[in-house]
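Trainee: I'm new to this structure and would like a close look at a single part of it. Could you choose one and walk me through it, then link it to the rest?

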Amino acid sequence: MMFSKMSNLQLELLELYNTPISNEELKDIKQLLSLYYAQKAIAAADAVWEKQNLSNHVMEQWMNKKMRTPYLTQKAFLDKPTAI
């Protein structure tokens, strides 16, 4: 497998890996990364919400709408003619 040049994030993390840290510090770093990506996801969702002019009313409608694909019963599936 051929790898390209390391990204700036990979280089920064390698620098961090060179420094011994406690398990508590590692936990804190993981928490920071989780919060960072959660905030990015929330911002992206908010942008979609604004762009599509969504509202709490629309969300309530979606939550109450049956959106599953209706599946055939096993008997109906087996009785269905097949194209050969």
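**A close look at the largest pocket**

Mentor: Let's take the largest pocket, whose lining is made up of 7 nonpolar residues, 1 polar and 1 charged. Before we go on, keep in mind that this is a predicted model. The pocket holds about 150 Å³ of space. If you want to find it on screen, pick out Leu13, Leu16, Tyr17, Thr19, Ile21, Leu26, Ile29, Lys30 and Leu33, the residues that line it. Two elements each give two or more residues to that lining: helix H1, residues 8–17, and helix H2, residues 23–51. H2 is the top contributor, with 4 residues. Thr19 is the polar member of the lining, and Lys30 is the charged one.

Since H2 gives the most to the pocket, let's follow that helix for a bit. It's also where confidence is highest in the chain, with a mean pLDDT of 95. What span should the 29 residues of H2 have at 1.5 Å a residue? The answer is 42 Å, and because the end C-alpha atoms of H2 are 42 Å apart, the expected span and the model agree. After H2 comes Asn53, which has a positive phi, near 50°.

One more stop on the same helix is Ala41, which lies in H2. Is Ala41 buried or exposed? It's in between: its relative accessible area is 45%, so it counts as partly exposed. Ala41 also gives you a handy reference for getting to the other end of our tour. Measuring along the sequence, Phe77 is 36 residues from Ala41, while in space their C-alpha atoms are 40 Å apart.

That brings us to helix H4, residues 74–79, where confidence is lowest in the chain, at a mean of 83. Here the side chains of Asp79 and Lys75 meet in a salt bridge, with 2.7 Å from N to O. Both partners belong to H4 and sit 4 residues apart, about one turn of the helix. Asp79 and Lys75 are both exposed, too. A search of the whole structure turns up 1 salt bridge.

How far can you trust the picture overall? The chain's average pLDDT is 87, and 95% of the residues score at least 70.

Methods:
Residues are numbered from 1 along each chain as its sequence is written. This is a predicted model: local features need pLDDT of at least 70, side-chain atom pairs count only at pLDDT 80 or more; totals for chains, interfaces and linings use all residues. Side-chain values use heavy atoms; hydrogens and water are left out. On a 1 Å grid over the protein atoms alone, a cavity is a set of points where a 1.4 Å probe fits but cannot get out, and a pocket is an open set with protein on both sides within 12 Å along at least five of seven lines; lining residues have an atom within 4 Å of a point. Grid points are joined across faces, edges and corners, and a volume is the space filled by probe spheres set on the points. Ala, Val, Leu, Ile, Met, Phe, Trp, Tyr, Cys and Pro count as nonpolar, Asp, Glu, Lys and Arg as charged, and the others, Gly among them, as polar. pLDDT is the predictor's confidence in each residue, from 0 to 100. Buried means under 20% relative accessible area, exposed over 50%, partly exposed in between (1.4 Å probe, protein chains only). A salt bridge is a side-chain nitrogen of Lys or Arg within 4 Å of a carboxyl oxygen of Asp or Glu. The expected span of a helix is 1.5 Å times one less than its number of residues.
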